[in-house]
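Subject: Structure handover

Hello,

Here is the structure we spoke about. Please open it first, then read the notes below.

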Amino acid sequence: MVGISAAASLRYISQGTASSKSDWLSSAQAAIKASQNQAGIMGALTSLSRTGGRGSIGSFLSSSKTFAGNFATIAQSSVTSYGSYYAQLANQNQQKAAKAALKKALQALSASQNKVKPKNTLPSFMYLGNGQTLDTDKGILTRQDGTQIDITTGAEVVNPADIVQMGNGSYLNTATNIMTLSDGTKVDTVTGLKVDTSA
């Protein structure tokens with residue numbers, strides 16, 4: 001059985017196509033290489049034993065420099081992570097505060113709208129001296145003959161279900177049996193007489 005070392009298997013994998021290489025592979029190779037090069041006093045002692053007892057301050061400082069670089073990378077990653085975390089917390093707190101302010105503003109608006117309500121000071125139904133009636137809620141004046149006038153527009157109030165449209169632009173009000181011709185002339189369809197609208 002042939003054993004394959006980790007370095008050999010990594011070398012084999014790294015020889016694959018460019019698309020198969022990924023970031024994790026390079027970071028794994030860097031981690032293996034870094035584990036073989038210890039830093040600090042232990043690194044200096046290991047270096048001393050490898051060189052046959054010829055350690056130096058230069059090798060100690062070199063390995064300490066590598067260790068310091070690795071430690072700085074770890075520290076910087078921690079700072080970045082904490083910064084991102086606290087930025088998310090600040091964003092969440094800001095959203096909560098904005099929602100609370102919006103809710104408070106909507107409640108204040110609702111309360112102010114409930115305080116002021118338009119009120120009709122007239123009675124809802126008035127009887128006029130000449131036999132006419134006025135519905136102040138709907139804004140409709142009813143004459144003695146039963147015709148209804150919208151007091152806002154001055155137009156006659158007609159139920160659309162009572163209207164029959166004619167082909168020439170005329171229409172017939174089946175409730176009152178009055179035909180209005182296309183020129184505005186009104187004719188009583190029962191008597192055939194022209195209806196006087198000047199009153």
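Let me start with one of the sheets. An open sheet of four strands runs in the order β5-β6-β7-β8, and its pairing is antiparallel. Its edge strands are β5 and β8, each of which pairs on one side only. Neighbouring strands in this sheet are turned by 20° against each other on average, with direction ignored. Please keep in mind throughout that this is a predicted model.

Inside that sheet, β6 covers residues 171-173 and β7 covers residues 178-180. These two strands pair in the antiparallel sense, over three bridges. One bridge to look at joins L172 to its partner M179 in β7.

The loops around these strands deserve a look too. N177 sits in the loop between β6 and β7. Its phi is positive, about 60°, although N177 is not a glycine. N177 counts as partly exposed, because its relative accessibility is 32%.

N168 is in the loop between β5 and β6. At 56% relative accessibility, N168 passes the 50% mark and so counts as exposed. N168 is 13 residues from L181 in sequence. In space, the C-alpha atoms of N168 and L181 are 8.4 Å apart.

Now the other sheet. This one is also open and has four strands, in the order β1-β2-β3-β4, with antiparallel pairing. Here the edge strands are β1 (125-127) and β4, and each pairs on one side only. The twist averages 20° from one strand to the next.

Within it, β3 and β4 pair in the antiparallel sense over three bridges. I140 has D150 in β4 as its bridge partner.

T147 lies in the loop between β3 (140-142) and β4. Is T147 buried or exposed? T147 is buried, because its relative accessible area of 17% falls under the 20% limit. Leaving out residues up to four places away in sequence, T147 touches L141, T142 and E156.

E156 brings us to the salt bridge. How many salt bridges does a search of the whole structure find? The search finds one. E156 forms a salt bridge with K186, and the closest N and O atoms are 3.1 Å apart. E156 lies in the loop between β4 (148-150) and β5 (163-165), while K186 is in strand β8 (residues 186-188), so the pair ties together parts that are 30 residues apart in sequence. E156 itself is partly exposed, because its relative accessibility is 34%. So E156 has two links to check on screen: the contact with T147 and the salt bridge with K186.

Next, the surface of the helical part. Y82, Y85 and Y86 make a nonpolar surface patch of about 390 Å². Y82 belongs to helix α4, which covers residues 57-115. With a relative accessibility of 52%, Y82 is over the 50% limit, so Y82 counts as exposed.

Last, the chain as a whole. It holds four helices and eight strands. Read along the sequence, the pattern is α-α-α-α-β-β-β-β-β-β-β-β. There are 199 residues, and buried ones make up 12% of them. Take the contacts in the chain with a separation of 6 or more: residues 24 or more positions apart account for 6% of these. The accessible surface of the chain comes to about 15,700 Å². Of that surface, 59% belongs to carbon and sulfur atoms.

If you want a short viewing order, try this:

- The β6 and β7 pair, with L172 and M179 as bridge partners.
- N177, for its positive phi of about 60°.
- The β3 and β4 pair, with I140 and D150 as bridge partners.
- The salt bridge of E156 with K186.
- The patch made by Y82, Y85 and Y86.

Best wishes

Methods: Residues numbered from 1 in each chain as written. Predicted model: local features only at pLDDT ≥ 70, side-chain atom pairs only at ≥ 80, totals over all residues. Heavy atoms only, no water. Salt bridge = Lys/Arg side-chain N within 4 Å of Asp/Glu carboxyl O. Buried < 20%, exposed > 50% of the residue type's maximum accessible area, 1.4 Å probe, protein only. Patch = residues over 30% accessible without salt bridge, like charges linked within 9 Å, V, L, I, M, F, W, Y side chains within 5 Å. Areas by Shrake-Rupley, 256 points an atom, 1.4 Å probe, with all protein chains shown as cover. Pairing = 2+ DSSP bridges. Axes fitted to C-alpha atoms, helices over the stretch in contact; angles between N-to-C directions. Contact = heavy atoms within 4.5 Å.
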